[in-house]
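Please open the structure in your viewer and keep the sequence panel beside it, as this tour moves from one selection to the next.

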Amino acid sequence: MSSDVPPSADVPPVEDPDVAADRIVAAFARMSGLFLSAETVSTGLKVVTALAVDMVPHTVGAGISLVNSEGGRTTAAATDPVVERADDLQYRLGSGPCLAAWADRVVVRIDDLAADERWPIWSRRAAELGLASSLSAPLVAGTQSLGAIKVYAARPAAYGAREEHLLTMFSSQAAMLLAGMRTAEAAERVSGRIADSLRGREVITLAKGIIMAREGVDERAAFLILAHTARRQGSTVRRVAERLAVSTAGRRR
């Protein structure tokens, strides 16, 4: 981590430990509550980045990097377009502090983007965007590295050991909430597919009952009639069953 910037009047004062602890507790409480009310992972991530800006002193922008549905790295949420531009440059270069934090599961701090030599191309370009220092932490849930969260400041040496601790604690909580929300969202999708499948079976059963009563045939014959009709119409058995159920209900009104 870059820590060779000489002390100066611009270096922020050390935050009181009690204030830092209160800041973490308050952020965790807000994050948990807002996550529970978030409708999707996307809205939950926006909550996390906004809280990161509030929690880590001197931060002007925050973002979260994850893997998208195509397997590529992407900025899933950001508080400012400049964060997205800085991230996009990392993805195109294939290197940078956020990607290093993600891959190595370590906190990465850059005290002065204009002087950093680890990722000189990215750092200089980020500095041109008005960013001066950065702090990146991995999002790790159990054994799985989900991505990384990063914060940026507009002045050099804005972050130190205390901010590293704050972001590490914050990222751990965010990773657990993100993993839980992804699991819940996946379970909801599966439940929806199961419910849809059950509804399909119910409407087919209803249609078979209508045919059995109307034609005086058994269940197997009724299903064969549905299947034959579906082939003739170039449709599905479920679609034919739905139309039959709707038309029969309409005649009975």
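**Begin with the sheet**

In this predicted model, start by selecting the five strands, which form an open sheet in the order E2-E1-E5-E4-E3 with antiparallel pairing. Now colour strand E2, residues 73-78, and strand E3, residues 108-110, which are the edge strands and therefore pair on one side only. If you turn the sheet and look across it, you can follow a twist that averages 20 degrees from one strand to the next. As a general point, the strands of a sheet pair through backbone hydrogen bonds, and this pairing can be either parallel or antiparallel.

**One pair of strands**

Next, select strand E1, residues 59-67, together with E2, because this pair is joined in the antiparallel sense over five bridges. Which residue of E2 is the bridge partner of Gly63? Select Ala78, and you have found the partner of Gly63 in E2.

**The whole chain**

Now switch to a cartoon of the protein chain, where you can look for eight helices and five strands. Walking along the sequence, you should meet them in the pattern α-α-β-β-α-α-β-α-β-β-α-α-α.

Show the surface last: the protein chain exposes about 13400 Å², of which carbon and sulfur atoms supply 56%. Of its 253 residues, 42% count as buried. Finally, consider the contacts in the protein chain with a separation of 6 or more, of which 61% are accounted for by residues 24 or more positions apart.

Definitions and conventions
Residues numbered from 1 in each chain as written. Predicted model: local features only at pLDDT ≥ 70, side-chain atom pairs only at ≥ 80, totals over all residues. Heavy atoms only, no water. Pairing = 2+ DSSP bridges. Helix = DSSP H or I, 4+ residues; strand = E, 2+ residues; numbered from the N terminus. Axes fitted to C-alpha atoms, helices over the stretch in contact; angles between N-to-C directions. Buried < 20%, exposed > 50% of the residue type's maximum accessible area, 1.4 Å probe, protein only. Contact = heavy atoms within 4.5 Å. Areas by Shrake-Rupley, 256 points an atom, 1.4 Å probe, with all protein chains shown as cover.
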